[in-house]
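Work through the exercises below with the coordinates open. Each task is followed by a solution in steps.

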Amino acid sequence: MNVDQLPSALTSFSSMENIIGRRRIGFFLDFDGTLAPITSHPDLADLPAESRPILENLQQRHLVCVLSGRSLPDLKRRVGLSGLFYAGDHGYRISGPPGSGLDLRLGDEFRNDLESAGRRLRDALGSTHGVVLEMKELSLSVHYRLAGMKDEALIGKVVKEVAAGYPSLRVTAGKCVHELRPKLDWGKGDALLWIVSHLGCSREELCPVVIGDDLTDEDMFEAAAGWGVCVIVGAARRSTSAAFRLINTEEVADFLTTTGRMIRVEAAGGNPRENERS
Ligand SMILES: [Mg+2]
């Protein structure tokens with residue numbers, strides 16, 4: 001369905017309750033454009049101060065995972081909460097809280113090609129105004145938000161030409177970003193499923209609540225389709241596998257606050273979910 005036809009998640013709690021049923025909830029949250037407002041330069045993005053206590057509150061009763069195209073160390077530093085699960089580099093790196101035993105590293109064999117492609121991109125685009133190259137552990141981002149619209153097509157062409165020299169890599173697109181990633185059949189959706197299965201949770205026990213704003217988040221929506229609650233953020237004019245919508249990061253914060261509060265009230269009132277969620 002198209003994004004603009006979806007009902008607001010803020011007014012759909014009863015239909016979400018029907019989907020969740022008696023299961024525990026696990027939150028799977030994108031970072032940029034979902035928890036943190038999009039900024040002109042990727043280095044400027046940060047978790048709003050008021051969102052950190054919201055996530056802290058959620059993590060006390062629920063599985064909370066933040067999944068991003070950012071590198072794992074960068075993502076952990078920006079969120080700054082040790083009790084969460086993190087998936088960085090589009091899910092090639094996964095790390096659980098201390099003691100969880102969850103740790104995944106995929107695709108180290110692609111690093112030489114990524115670094116080589118990064119050098120070629122730096123040579124080709126390093127002097128192009130407004131282009132920001134971000135080399136991560138297992139992916140490489142070419143941000144062009146600050147570049148003029150007239151250079152947009154040229155930048156895309158250069159990225160594709162460089163990528164063509166590396167059969168082990170593929171190009172994906174996001175909001176004002178091209179990314180080079182290993183040609184592995186693995187994305188954020190696989191990371192979500194990996195975490196759920198490594199925690200020993202079945203679909204009858206755990207309901208993923210997935211929130212994201214970009215094309216790579218469609219991976220997660222598809223992985224959770226039919227058993228989870230999927231929420232897209234923003235007003236993109238495209239089709240999506242999500243079933244609900246939030247307008248911006250402020251609405252995401254409101255939604256997470258309300259969800260946490262709603263569940264606490266029910267648990268305090270002796271709701272049958274209480275035992276399952278504690
Ligand atoms: Mg995003």
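**Exercise 1: Domains**

The domain assignment of the protein gives domain 1 (3-106 + 186-204 + 256-272) and domain 2 (108-182). The model is predicted.

Task. Find how far apart the C-alpha centres of domain 1 and domain 2 lie. Then describe the contact by residues from each domain.

Solution.
- Step 1. Take the C-alpha centres of the two domains: they are 28 Å apart.
- Step 2. Count the contact residues. Domain 1 supplies 14 residues, and domain 2 supplies 14 residues.
- Step 3. Sort the side of domain 1 that touches domain 2 by class. This side has four nonpolar, six polar and four charged residues.

**Exercise 2: The sheet of eight strands**

Task. Work out the strand order of the open sheet of eight strands. Which strands are its edge strands?

Solution.
- Step 1. Read off the order: S5-S4-S3-S2-S1-S10-S11-S12. The sheet is open and its pairing is mixed.
- Step 2. Look for strands that pair on one side only. These are the edge strands, S5 (103-105) and S12 (244-246).
- Step 3. Add the twist, which averages 15° from one strand to the next.
- Step 4. Check one pair. S2 (residues 63-67) and S3 (residues 85-88) pair in the parallel sense, over three bridges. Within this pair, Val66 stands opposite Tyr86 in S3.
- Step 5. Place helix H1 (residues 13-20). H1 packs on the sheet and touches S1 (24-30), S10 (206-212) and S11 (229-233). The direction of H1 makes about 140° with that of S11.
- Step 6. Place helix H7 (residues 217-224). H7 also packs on the sheet, where it touches S1, S2, S10 and S11. Its direction makes about 155° with that of S10.

**Exercise 3: The sheet of four strands**

Task. Give the order of the open sheet of four strands. Why is one side of S6 and of S8 left without a neighbour in the sheet?

Solution.
- Step 1. The order is S6-S7-S9-S8, with antiparallel pairing.
- Step 2. S6 (132-135) and S8 (169-174) stand at the edges. Each has a single partner strand, so one side of each lacks a neighbour in the sheet.
- Step 3. Ignoring direction, neighbouring strands of this sheet are turned by 20° against each other on average.
- Step 4. Take S7 (residues 140-143) and S9 (residues 177-182). Four bridges join these antiparallel strands. Glu179 in S9 is the bridge partner of Ser141.
- Step 5. Take S8 and S9. They run antiparallel and are joined by six bridges. Arg170 has Arg181 in S9 as its bridge partner.
- Step 6. Inspect the hairpin of S8 and S9. Two residues lie between the strands, and Cys176 takes a positive phi near 55°.
- Step 7. Add helix H5 (residues 149-164). H5 lies across S7, S8 and S9, at about 160° to S8.

**Exercise 4: A helix pair**

Task. Classify the crossing of H6 and H7 from their axes.

Solution.
- Step 1. The axes of H6 (residues 188-198) and H7 come within 6 Å and cross at roughly 45°.
- Step 2. That angle makes H6 oblique to H7.
- Step 3. List the contact. Lys188, Gly189, Leu192 and Leu193 in H6 meet Asp217, Asp219, Met220, Glu222, Ala223 and Ala224 in H7.
- Step 4. Sort by class: the contact of H6 with H7 has five nonpolar, one polar and four charged residues.

**Exercise 5: Confidence**

Task. Where in the protein is confidence lowest, and where is it highest?

Solution.
- Step 1. Start with the average. The protein has a mean pLDDT of 90, and 94% of the residues score at least 70.
- Step 2. Find the extremes. Confidence is lowest in helix H9 (residues 273-277), at a mean of 38, and highest in S3, at 98.
- Step 3. Examine residues 265-278. pLDDT stays under 50 there, and the model has twelve contacts beyond four places in sequence for this stretch.

Note on methods:
Residues are numbered from 1 along each chain as its sequence is written. This is a predicted model: local features need pLDDT of at least 70, side-chain atom pairs count only at pLDDT 80 or more; totals for chains, interfaces and linings use all residues. Two strands pair if DSSP finds at least two bridges between them. Axes are lines fitted to C-alpha atoms, for helices over the stretch in contact, and angles run from 0 to 180 degrees between N-to-C directions. Two residues are in contact if their C-beta atoms, placed from the backbone, lie within 7 Å. Domain bounds come from an automatic or database domain assignment. Ala, Val, Leu, Ile, Met, Phe, Trp, Tyr, Cys and Pro count as nonpolar, Asp, Glu, Lys and Arg as charged, and the others, Gly among them, as polar. Angles under 35 degrees count as roughly parallel, over 145 as roughly antiparallel, 65 to 115 as roughly perpendicular and the rest as oblique. pLDDT is the predictor's confidence in each residue, from 0 to 100.
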